[in-house]
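Visitor: I would like a close look at one part of this model, taken slowly and with its surroundings. Please begin with a sheet and go on from there to the neighbouring topics of pairing, burial and surface.

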Amino acid sequence: MRVAADATAGTAAAAGRRRALCVVLLLLAVQLVWLARPAYACGCGAMVHGPNTTIGVHHETSVVRWDGATEQISMSLSVYGTAPDAAWIMPVPHRATVRLGDPELADELSRISEPVTEYRHYFWPRAGDWPFKSDFGAAGDAAAPPADSSVGVIGRERLGPFDVARLTATDPDALRGWLAANGFKLPPALATALRPYVDRHWEYVAVRLAPADHGTRLTGTLDPLLLSFASDHPVYPMRLSRLATTPQELSLYLLAPHRMAPRSAIGGAPPHVSYAGRIQPQGAVRDFAGPAPAFLTAFDQSFPQPQRIDDDHEFRRTAADTPYHRVRYAYSLLQVGGIPLWIPTMGGGTLLLLMAAAALTTGRRRPTATPAPPPAPPA
């Protein structure tokens, strides 16, 4: 009986090990499939890359300047993945010029729009203040194109690490074929996504980018590119971002004569205004927007489900140029000479109460003079 029990136990243990091994192999297969799956993600257009590699854009910071007739877009992408090279394509409403942007531009605008700090004091001690903590007195926390007339090459140039092609197309499938013939393998869904732009006779900027060291993976924040084109209203192309497979985050700085607002959320979370105000351009902002004062409106928006993106961002003037600046409050215990004010206040108040109580007690205990008896009448 014992031998049979041991054999049964051994068989069960072996079966358990086989099941665990199957689970591990299944998880490994799922992981490998996920890694091999293309990730087309770009907050400004459609990111493309070679087969058997992945690349994604998890955040994009863009600066848009519109003066009533001309629009400029400076884009900086934060990418991740396994691809040694990649490219993206962005539709534009009119013929565009492309050059390298200034990496300091977004940083300067970030500094302008960062929250201001207001210091506030409170009287009574809170958690972390003495006597609720023991460290009293310590500081507080503070290639050449195929011969397809459906695709026209307006120009092609090398800008730093970028190979930029400016294209026209009357057929989205022909455009996808041109890119494929030049080394870009695009998903069939891209042709469908490009159809609205083809119908409106937009043009396209295709950008190939690769690290200076061959074989290095593309990761981190890429150098910005600056696009300029005619536009009678400010627009930011976003429709192709619906091909993204991961949630997207967009930070957008808009410089215009007046405060602007998106016409809709285009399938994302409601845009959040982080700054609005008239500025005097300096440094990289002056080089980008010119010396004249401009109204800066900064937006942040998330797209948890990019497949819901149904349009491009279009902006309109708001009813009023109302300024807005985030405020960060810093609270500290009110002190005088390094001593929390509540201590001498409480001490002084207590002393006054004691003195008043003593005075009242003394008054009650003071003996009352007995009046002298009247003199006796004469005998």
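Guide: In this predicted model, the three strands E12, E17 and E14 make up an open sheet in the order E12-E17-E14, and their pairing is antiparallel. Strand E12 (235-236) and strand E14 (260-262) stand at the edges with a single partner strand each, so one side of each is left without a neighbour in the sheet. The link between E14 and strand E17 (residues 313-317) consists of 3 bridges, and these two strands run antiparallel; within that pairing, Ala261 has Arg316 in E17 as its bridge partner.

A further set of pairings centres on strand E8, which covers residues 162-169 and is mostly covered, with 7 of its 8 residues buried. Strand E8 pairs with strand E7 (residues 151-159) in the antiparallel sense, over 8 bridges, and in this pairing Leu159 stands opposite Phe162 of E8. The two strands E7 and E8 form a hairpin that has 2 residues between them, and Gly160, which lies in the turn, has a positive phi of about 60°. Strand E8 is also joined to strand E9 (residues 203-209), by 7 bridges and again with the strands running antiparallel; here Leu167 stands opposite Tyr204 in E9.

Turning to a helix, H3 spans residues 172-181, and its buried residues are Pro172, Ala174, Leu175, Trp178 and Leu179. These buried residues cover an arc of only 160° around the axis, which puts them on the same side of H3. The spacing fits a general rule: an α-helix has 3.6 residues a turn, so residues three or four places apart point the same way. At the start of H3, a side-chain oxygen of Asp171 comes to within 2.9 Å of the backbone nitrogen of Asp173.

On the surface, finally, Val116, Val327, Tyr329 and Tyr331 form a nonpolar patch, and together they have about 330 Å² of accessible area. Strand E19 (residues 327-333) gives the most to this patch, with 3 residues. One residue of strand E19 is Val327, which is partly exposed, having a relative accessible area of 32%. Because residues enter such a patch with over 30% relative accessible area, the 32% of Val327 is enough on that count. For strands in general, when they are regular, the side chains alternate between the two faces of the sheet.

Conventions:
Residues numbered from 1 in each chain as written. Predicted model: local features only at pLDDT ≥ 70, side-chain atom pairs only at ≥ 80, totals over all residues. Heavy atoms only, no water. Buried < 20%, exposed > 50% of the residue type's maximum accessible area, 1.4 Å probe, protein only. Helix = DSSP H or I, 4+ residues; strand = E, 2+ residues; numbered from the N terminus. Arc of directions from axis to C-beta. Polar contact = N/O pair within 3.5 Å; in protein donor to acceptor, adjacent residues only side chain to side chain. Patch = residues over 30% accessible without salt bridge, like charges linked within 9 Å, V, L, I, M, F, W, Y side chains within 5 Å. Areas by Shrake-Rupley, 256 points an atom, 1.4 Å probe, with all protein chains shown as cover. Salt bridge = Lys/Arg side-chain N within 4 Å of Asp/Glu carboxyl O. Pairing = 2+ DSSP bridges.
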